[in-house]
Amino acid sequence: MTANAHAKEDAASTHVLAQLASLLRSGDVQAALALTEAASANSAKPTEGAPEEAETDAVRRIVSPPLDTLSFIERRRNRGGFNYWANVPSASSYAEECEIGGRLAEEFASFIGKYHNNGNGALLGSIVIDMEENGAGRGHKIGFLNTINKYAMGAAYFLHADAQESEHPWTKCRRLGRELAEALESSGEQQFAYIAPKGSGTPTLLFGHLDYHPSTETLNATSGAPEEGQDFSELFYELINLAELAEATLDILREMEYTHGDGSRNAELDRVVALQRVLCTNLGRLRESAEILDGPTKWLPA
C-alpha cells in the first residue's frame, strides 16, 4: 500500500515538473510560480501523531514573519489579534484608490509566495472582511482583488488544464516557416529565405530576392519590336541574387579552419578568402550601380 502511494506521488510530481519546465521555456515566470505554490499546497499531508515541531509538512515547515510585516496589517492593542486593513494610504480619486489597492495586493502576493504556509493560506478572507469593516474604498477593493484574481487565474488554468505535450520538432519547423513566410510577404519585397540545420556548416538563415518577372505585355528587342524598348529590371534582380550568393560563400569560408594540424597558417585558404572579398566588393558596387535598371522603365536603343 505504501509503495503504491509513493508511485502515485512520483507520477504526480513528474507531471507537475513537466508543466513547470514547459512554462519556464515559454518565459511565463508568473504562471510557473503559481503552479509551484499550488503544487506545494496540494502536497501538504501531515503524519498522524507527530509532534508539532517535527518536520512532517513541507508547507507547515515554512516559518512566516509576523503578519504586521505587511504595511496594511497591524496588531490590535485592545482585543488582540490583527487588523487586516489598516494604515492604508488615503487617495484623492478612484484611479488612485485602484493603484493603491493593486500595489498592496502585489505586496500581499509576494508575501504569501515567499511564506506559503497553511496559516497564510487563509489570510485573504480576513483581509476582505476587514476591508468591509474599515470602510475601504471601491477602488481599493477593485485594485486589490483584481490583482489577486490575476494570480489565481494563472494557477487555476494549470490545475485544470490537460497535460501539455511538447511540440514535435517538425511541427514547430512548419509553424515557424509559415510565420516567416507571412513576415516576408508583409515586408512588401519579393524575397525568399533558406534555412539550414544548426551545425551544418552553412549560414543558418539566408535571404534572397525572387526573380523579377516583368509583365508578359512588355516587349523587348528580341520580340521584333525594338522601338518598344527593353526592360532590364530582371537583370538587376539577378545581380542581387548573385551578390547574396557570393556573401553566403564568404560566410562559409570565414567559418573554416585557417590553421593546419601542425599549427601553421593555411595560406591557400587565405588567398581564396581574399579573392572572395574582392568579388563581393565588386558585385556590391555593380548591384548599387544597377539600381537604375529596377522598375518598369523601358530602355530604348541609342
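## Working through a predicted fold

Asn117 sits in the loop between α3 and α4; helices here are DSSP runs of H or I with at least four residues, strands are E runs of at least two, and both are numbered from the N terminus. Before you dig in: this is a predicted model, where local features need pLDDT of at least 70 and side-chain atom pairs count only at pLDDT 80 or more, while totals for chains, interfaces and linings use all residues. Residues are numbered from 1 along each chain as its sequence is written, and side-chain values use heavy atoms, with hydrogens and water left out.

**Exercise 1.** Work out whether Asn117 is buried or exposed, and find what its side chain reaches.

*Solution.*
- Start with the accessibility: Asn117 has a relative accessible area of 13%, so the residue counts as buried (buried is under 20%, exposed over 50%, partly exposed in between, with a 1.4 Å probe and protein chains only).
- Then follow the side chain of Asn117, which gets to the backbone nitrogen of Asn120 at 2.9 Å.

**Exercise 2.** Sketch the overall layout of the protein chain, from its elements to its exposed area.

*Solution.*
- Count the elements: there are eight helices and four strands.
- Put them in order from the N terminus, and you get α-α-β-β-α-α-α-α-β-β-α-α.
- Check burial next: 26% of the 302 residues count as buried.
- Look at contacts (heavy atoms within 4.5 Å): among those between residues at least 6 apart in sequence, 55% join residues at least 24 apart.
- Finish with the surface: about 20500 Å² is exposed, and carbon and sulfur atoms supply 55% of that (Shrake-Rupley areas with a 1.4 Å probe; for residues, only the protein chains shown count as cover).

**Exercise 3.** Find the residues that touch the most other members of the largest nonpolar core, and say which helix gives the most to this core.

*Solution.*
- First pin down the term: a nonpolar core is a set of buried Ala, Val, Leu, Ile, Met, Phe, Trp, Tyr and Cys residues joined through side-chain atoms within 4.5 Å.
- The largest core has 19 residues, and Phe72, Trp85, Phe108, Ile127 and Phe144 touch the most other members.
- As for suppliers, α3 (94-114), α4 (123-133) and α5 (138-160) each bring at least two residues to this core. With five residues, α3 gives the most.
- Zoom in on Phe144. Leaving out residues up to four places away in sequence, Phe144 touches, among others, Phe72, Trp85, Leu104, Phe108, Ile127 and Met131.
- There's also a second, separate core of nine residues, including Ala246, Leu250, Cys280 and Leu283.

**Exercise 4.** Place Ser71 in the chain and track down its contacts beyond the neighbours within four places in sequence.

*Solution.*
- Ser71 lies in the loop between α2 (29-42) and β1 (74-75).
- With 41% relative accessible area, Ser71 is partly exposed.
- Setting aside neighbours within four places, Ser71 contacts Ala86, Asn87, Leu104 and Glu107.
- Take Asn87: it comes 16 residues away from Ser71 along the chain, yet their C-alpha atoms are separated by 7.2 Å.
- Now Glu107: its side chain and that of Ser71 make a polar contact at 2.8 Å (N or O atoms within 3.5 Å; within protein, one must be able to donate a hydrogen and the other to accept it, and residues adjacent in sequence count only if both atoms are side-chain atoms).

**Exercise 5.** State how many salt bridges the structure holds, then go through the pairs Glu106 and Lys150, Glu132 and Lys141, and Glu179 and Arg175.

*Solution.*
- The structure holds seven salt bridges, each a side-chain nitrogen of Lys or Arg within 4 Å of a carboxyl oxygen of Asp or Glu.
- Glu106 and Lys150 pair up at 3.3 Å, N to O. That bridge links distant parts of the chain, with Glu106 in helix α3 and Lys150 in helix α5, 44 residues apart. Glu106 is partly exposed at 32%, and Lys150 is partly exposed at 38%.
- Glu132 and Lys141 meet at 3.0 Å, N to O. Here Glu132 is exposed at 51%, whereas Lys141 is partly exposed at 24%.
- Glu179 and Arg175 join at 3.4 Å, N to O. Both belong to helix α6 (residues 169-186), four residues apart, about one turn of the helix. Glu179 is partly exposed at 41%, and Arg175 is partly exposed at 29%.
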